[in-house]
Amino acid sequence: MTKTIDVSGLSKSYAGNKIIDRLSLTVASGEIYGLLGANGAGKSTTIECLLGTKQADAGTIRILGLDPYKDRQQLFEQVGVQFQEAHYPQQIKVKELCEETACLYQDAANYQTLLRQFALIEKANALVSDLSGGQRQKLFILLALLAKPKVLFLDELTTGLDPKARRDIWQSIRELKRHGLTIFLSSHFMDEVETLCDRISIIK
């Protein structure tokens, strides 16, 4: 098994409260790996520590063989992220947001191609505020793919979406896996991880 993500002994506390306690896991290249747990279990904190946006108290983390703290810039070019709480300007057009995000990367993907892939091309000139919940989630995944990532992190992917929108998002994720992308997703929906994931960890 080729390890894309390798985590050993990860711990994180806030104000003396241990949120993550010696978490270890490995994610193989090309698989969808799910982190399942209730709200407040520490899923988002785990992802933030894996990406180096929060400093872990203990443990070792490697993504694509890179340390997320020491090799952040190098890793940034190879990882896509959709955080649970994504804050983007509401009064900006979809295509403008895509163009701004693409400027962050040296070799960004063609956002128009991705808009077609996610059935959003007709919304290119629409304001972000005018998108439905499902369309907005698709856009956030699209933005994470502009880096042409080898690994994609998805945090609480379908929270708040109606059943049809959830199924549409699930189909998009399956298609990404068919193209060989490694995907790490967190969820508190059992049906979601059952439908999408090759393996899961349950965090309590």
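The following legends describe an overall view and several close-up views of one predicted protein model.

The model is predicted, and local features require pLDDT of at least 70, side-chain atom pairs count only at pLDDT 80 or more, and totals for chains, interfaces and linings use all residues. Residues are numbered from 1 along each chain as its sequence is written, and side-chain values use heavy atoms, with hydrogens and water left out.

**Figure 1. Overall view of the protein chain, with 7 helices and 8 strands.** Helices (H or I, at least four residues) and strands (E, at least two) are DSSP runs, numbered from the N terminus. The radius of gyration is 17 Å, close to the 17 Å that the globule rule gives for 204 residues, so the chain is as compact as a globular protein of that length. This radius is taken over C-alpha atoms, and the globule rule is 2.2 Å times the number of residues to the power 0.38. Along the principal axes, the C-alpha atoms fill a box of roughly 45 × 35 × 35 Å. Of the 204 residues, 49% count as buried; buried means under 20% relative accessible area, exposed over 50%, and partly exposed in between (1.4 Å probe, protein chains only). Among contacts (heavy atoms within 4.5 Å) with a separation of 6 or more, 69% join residues 24 or more positions apart.

**Figure 2. Close-up of strand β6 and the strands paired with it.** In β6 (residues 151-155), 5 of the 5 residues are buried, so this strand is largely enclosed by the rest of the structure. V151, F153 and D155 point one way from β6, while L152 and L154 point the other way. Strand β5 (residues 79-82) runs parallel to β6 and is joined to it by 4 bridges; two strands pair if DSSP finds at least two bridges between them. Within this pairing, G80 has L152 of β6 as its bridge partner. Strand β7 (residues 182-187) also pairs with β6 in the parallel sense, over 5 bridges. In β7, S186 stands opposite D155.

**Figure 3. Close-up of two non-glycine residues with positive phi, A119 and E156.** A119 has a phi of about 55° and is placed in the loop between α4 (111-117) and α5 (133-145). With a relative accessible area of 59%, A119 is exposed. E156 has a phi of about 50° and lies in the loop between β6 and α6 (163-178). At 5% relative accessibility, E156 counts as buried.

**Figure 4. Close-up of helix α1, residues 43-51.** Of the 9 residues of α1, 8 are buried, so this helix is largely enclosed by the rest of the structure. The buried residues are K43, T45, T46, I47, E48, C49, L50 and L51. An α-helix has 3.6 residues a turn, so residues three or four places apart point the same way. G52 follows α1 and has a positive phi, near 85°.

**Figure 5. Close-up of R22 in strand β2, residues 17-28.** R22 counts as exposed, at 63% relative accessibility. Not counting residues up to four places away in sequence, R22 touches G9, L10 and S11. R22 and L145 are 123 residues apart in sequence, and their C-alpha atoms are 31 Å apart in space.
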